[in-house]
Each structure stands twice: as C-alpha cells, then as structure tokens.
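Biologist: I want to learn how to read a ligand site. Where do I begin?

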Amino acid sequence: MDISTKFMGCNISSPIIAGSCGKTANLDNIKQFEDCGVGAVILKSLFEEQISQEANNHMRLMQNAGEMIEAYTYIAEHTKHDNIEKYLNLIRSAKESTRIPIIASVNCVSASEWLQFASSIQNAGADGLELNMFILPTSINMSSEEVEQVYEDTVQMLRRVITIPISLKISYYSAALAKFCQKLSWMGIANLSIFNRFIEHDIDIMEEATKPVNIFSTENELYHTIRWTAILSKLINCPLTAGGGVHKEEDVVKLLLSGANTIQVASALYDQGAEFITKANTFLKQWMQEKNYHKLSDFRGRLAIDKNDKASTFYRVQYMKYFSGIE
Ligand SMILES: Cc1cc2nc3c(=O)[nH]c(=O)nc-3n(C[C@H](O)[C@H](O)[C@H](O)COP(=O)(O)O)c2cc1C
C-alpha cells in the first residue's frame, strides 16, 4: 500500500504531519517522529510577541537596576537575537539529522518586524514556513474585510521575502469562512492548514482569577475538523492540511475521506507518544488493503462536498426532532 503524498512541494512517505507544538521544539523528539514514520515536522512556532516580550522583560529588569538607556537597547537586541539564533540552530540541526521535510513556523498577527527573520529561516534550510496567523476579532474599529485584509497583506509581503513554500494555518473565526479560505488559497500559498487551536480560560472562583484550560484537544473536536475539511477541500486552490481532534488511528482515514491532503497531529503526540504515528500509518495501510485501495488518491475526498452539492449532511447544523430523537 502506498501512503506517500506531497506536502509543500516535498514528497513525503506518510500523510501524517507532526503539528507545531512543544514536542517539535526538541531534536530528539523530531528524530523519534521520523523513526515512527512521520511525513514531515512543523517546528514549534517562533512567536512574534515572544521576541518582543522577552526583550521587554529584560528592559524592565535593567530599568529597575537603574541602567542607561543604551544598555536597555543592547539587551533587547541581544535577547531577540538569542531567541532567533536558537530557532535557526534547531532548523539546521533538524535538517542535518533527518531526511524528512522540516517546516518552520511563525505565529504572528500582522506583517511586522518578524518578516525580517523569514529570510534567515529560509537560509537556515527550512523546507517551508507555516504561518500561524490569528487575530481574535475583538476590535470594534475593524470590519471583517479589514481583518481579512491583514491576512492577505501578510501573505503577500512574506511572499516577497522568501521563495520557500508557505503554509497558512488559520482559525475558524470568519463570518464567511469558505469564501475567506478560497481567497487565501488563491494567494500563492502552498498549503492551507485548518485549524489553529486556542487555549481557553476558566475562572477560579476562590482566587477570583482566570486560569488556562483545555491545552490539549479532545476526540470530540474531530467532528468540527471533518465538517470543514469536507466543505473546503474541493473549494480551495491549494492542498489542505486538516488537524484538530485526531486521537484515534481511524481519524486519519476519516480526514482523508473528507478531502485532506495531509493530517496534522499534536495532542495525540502528548497522550500517546510518537508511537501514535506508527499505529496510524499501520492502520491506514491495513484499511486500504481491506478496501482494495492502492494509493491515497484512490479514496481521498470521497466524502468531500462537491461544488454543486447543496444538500450535503455536513451543511446541517441545527437539531431537528428527526436528528436528535430527544423531546
Ligand atoms: C502544547 C501545545 C503547543 C502548541 N503550540 C503551537 C505553536 O507553537 N504553534 C502552532 O501553530 N500551533 C501550536 N499548537 C497547536 C497544534 O499545532 C494543533 O494545531 C492543535 O493542537 C490541534 O491539533 P491536535 O488536536 O492534534 O492537538 C500547539 C498545541 C499544543 C497541544
């Protein structure tokens, strides 16, 4: 059974991609993922604000120590450089010690200072760059068109800086998500990745303070991913990576049937370890054999929504007596 495919211009041996997360910031993990048969690895994101945040912290410390302003500036620059250098070293060492595509990742909210570093990422040998873009739509001063324009401008500016393939990882916050994704897919990106996941915040009522929760996904999140994969995969003009809620081996098959070209996995790498990749690859091959499929294209997208299909069950979102069976 041939489960090889393409991802961001590279041939990969499996459609399973290790998604950007803490695990992919570590070279030993990356090597282990390769040994377990992963198709590609997306490194932990370099955060736009992480760079400036760290620099600011140092500046505050220096201010407390009553240092000169030139010293603050020096430290800020040095810290920034240090962070980036570490990231570039991770790219270089991952490229040296593995044969799989190594995709860098930047988490950003706009086309700002971080763009300067995109060419260093390319020069360090990354096979591509995934842009994890997210603007929580809280502003009452920005229309939805203006918010969407920021994504488009950022991709356009990035394309002027680097020549390696770009993947865009987005969230589902958009009033016209399908149209928005289609528009983005026309902008020369090599891949669209759905969806970015957010941590939520609970409230500790004794402390009267917020606390982060739901760091890892649950199995139930898969259904949302399946729906949007089926809706988008035949609408967009570039390959689609689906991720979010993949915890069982069969989930990979489900997302391929929905039309995904590749599948991103993060939380399962925490709760089941790298072996999840081996198990999912084995299951995929066995399932294909049972079904008499020889390659992924024999069944990929079988349950994706065709452009003219107005009646897909994936479009149904409200409960009816008929569906819920609960009165
Ligand atoms: C601990 C952790 C850290 C993550 N860090 C990042 C990150 O730095 N950049 C990013 O694009 N996604 C990050 N993600 C999101 C994952 O790449 C993925 O999109 C999301 O978790 C959904 O996939 P899953 O259900 O397989 O976890 C992180 C996820 C987890 C669990």
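Modeller: We go from the pocket to the ligand and its contacts. Keep in mind that this is a predicted model.

Biologist: Where does the ligand sit?

Modeller: Place the ligand against the pockets first. Here the ligand occupies the largest pocket. That pocket holds about 770 Å³ of space. Its lining has 35 residues, and the closest to the centre are Ser20, Asn132, Lys169, Asn196 and Arg197.

Biologist: Which helix or strand gives the most to the lining of the largest pocket?

Modeller: Map the lining onto the secondary structure. Helix H9 (267-271) leads, with three residues. Strands E6 (102-108), E9 (191-194) and E13 (262-265) each supply at least two.

Biologist: How do the lining residues divide by type?

Modeller: Sort them by class. The lining of the largest pocket has 16 nonpolar, 15 polar and four charged residues. Then do the shell around the ligand: eight nonpolar, nine polar and three charged.

Biologist: Which of the 20 residues around the ligand come nearest?

Modeller: Ser20, Ser45, Asn132, Ser217 and Ser267 do. Ser20 and Asn132 are also among the residues closest to the pocket centre.

Biologist: Which atoms pair with oxygen atoms of the ligand?

Modeller: Separate backbone from side chain. A polar backbone atom of Ser20 is 2.6 Å from a ligand oxygen. For Ala266, a polar backbone atom lies 2.8 Å from a ligand oxygen. Ser267 uses a polar side-chain atom, at 2.6 Å from an oxygen of the ligand.

Biologist: How much of the ligand does the protein bury?

Modeller: Start from the free ligand, which exposes 600 Å² when taken alone. The protein buries 90% of that.

Note on methods. Residues are numbered from 1 along each chain as its sequence is written. This is a predicted model: local features need pLDDT of at least 70, side-chain atom pairs count only at pLDDT 80 or more; totals for chains, interfaces and linings use all residues. Side-chain values use heavy atoms; hydrogens and water are left out. A residue is near a molecule or strand if one of its heavy atoms lies within 4 Å of it. A polar contact is a pair of N or O atoms within 3.5 Å; within protein, one must be able to donate a hydrogen and the other to accept it, and residues adjacent in sequence count only if both atoms are side-chain atoms. Accessible areas come from the Shrake-Rupley method with a 1.4 Å probe; for residues, only the protein chains shown count as cover. On a 1 Å grid over the protein atoms alone, a cavity is a set of points where a 1.4 Å probe fits but cannot get out, and a pocket is an open set with protein on both sides within 12 Å along at least five of seven lines; lining residues have an atom within 4 Å of a point. A molecule sits in a cavity or pocket if more than half of its atoms lie within 2 Å of its grid points. Ala, Val, Leu, Ile, Met, Phe, Trp, Tyr, Cys and Pro count as nonpolar, Asp, Glu, Lys and Arg as charged, and the others, Gly among them, as polar. Grid points are joined across faces, edges and corners, and a volume is the space filled by probe spheres set on the points. Helices (H or I, at least four residues) and strands (E, at least two) are DSSP runs, numbered from the N terminus.
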